[in-house]
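Could you walk me through this model in the viewer, one selection at a time? I would like to know what to pick next and what is there.

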Amino acid sequence: MKKVRANDLIVMYKVSGVWKAIAFATSCEIDISADVVKVGSPDKGKWKNYKKRKKTWKISTAHLMANTKDNPDLFELLESDDPIQVCLSTVEAHPGIISHTEYKQDGRYQLTGSALVVRLTVTARKGDMVTMSAELQGNGSL
């Protein structure tokens, strides 16, 4: 079994039918959860029982800011009320830094869905590179 390295897992979004990576990513995370409701009857005794109901998911990503503007950029996506197609996917091995449009999905791991960009955070610490974090709230199923 081949292990997946963090460099091979990236967040992508679809623009005009083409998957684009969020360039210069430093971290990504997907959080999937289910709401539960307490269920029970007198024959269950003193133990609580639960049943899953609605599920939700969100993706968080952080990346270094570049001096180029992606089209559309994450701020424009935050301003928009329209959901976007996003994908958390493993990609083919790449020799070094490549363009955000050159990453190729390899099929080892992939979760795709519709999401809304709901938060952006820009962080600058003296002497460090500027980073931007984004949160994408799932809009429907994965």
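Start with the sheet in this predicted model: colour its 7 strands and follow the order β2-β1-β5-β6-β7-β4-β3, an open arrangement with antiparallel pairing. Now go to the edges, where you will find β2 (18–21) and β3 (25–39); each has a single partner strand, so one side of each is left without a neighbour in the sheet. Turn the view a little to follow the twist, which averages 40° from one strand to the next.

Next, select β6, residues 105–123, together with β5, residues 84–91. These two strands run antiparallel and are joined over 7 bridges. To see one of the bridges, show serine 89 and its partner in β6, glutamine 110.

Keep β6 on screen and add β7, residues 131–138. Here the pairing is again antiparallel, over 8 bridges. Two positions are good places to zoom in: leucine 116 lies opposite glutamine 137 of β7, while valine 117 has leucine 136, also in β7, as its bridge partner. As a reminder while you look along the strands, side chains in a regular strand alternate between the two faces of the sheet.

For the last stop, return to β3 and pick lysine 38. Is lysine 38 buried or exposed? Its relative accessible area is 57%, over the 50% cut-off, so lysine 38 counts as exposed. Now show what surrounds this residue: beyond its neighbours within four places in sequence, lysine 38 is in contact with Lys48, Asn49 and Tyr50. Finally, draw a C-alpha to C-alpha distance from lysine 38 to tyrosine 50: they are 12 residues apart in sequence and 4.5 Å apart in space.

Conventions
Residues numbered from 1 in each chain as written. Predicted model: local features only at pLDDT ≥ 70, side-chain atom pairs only at ≥ 80, totals over all residues. Heavy atoms only, no water. Pairing = 2+ DSSP bridges. Helix = DSSP H or I, 4+ residues; strand = E, 2+ residues; numbered from the N terminus. Axes fitted to C-alpha atoms, helices over the stretch in contact; angles between N-to-C directions. Buried < 20%, exposed > 50% of the residue type's maximum accessible area, 1.4 Å probe, protein only. Contact = heavy atoms within 4.5 Å.
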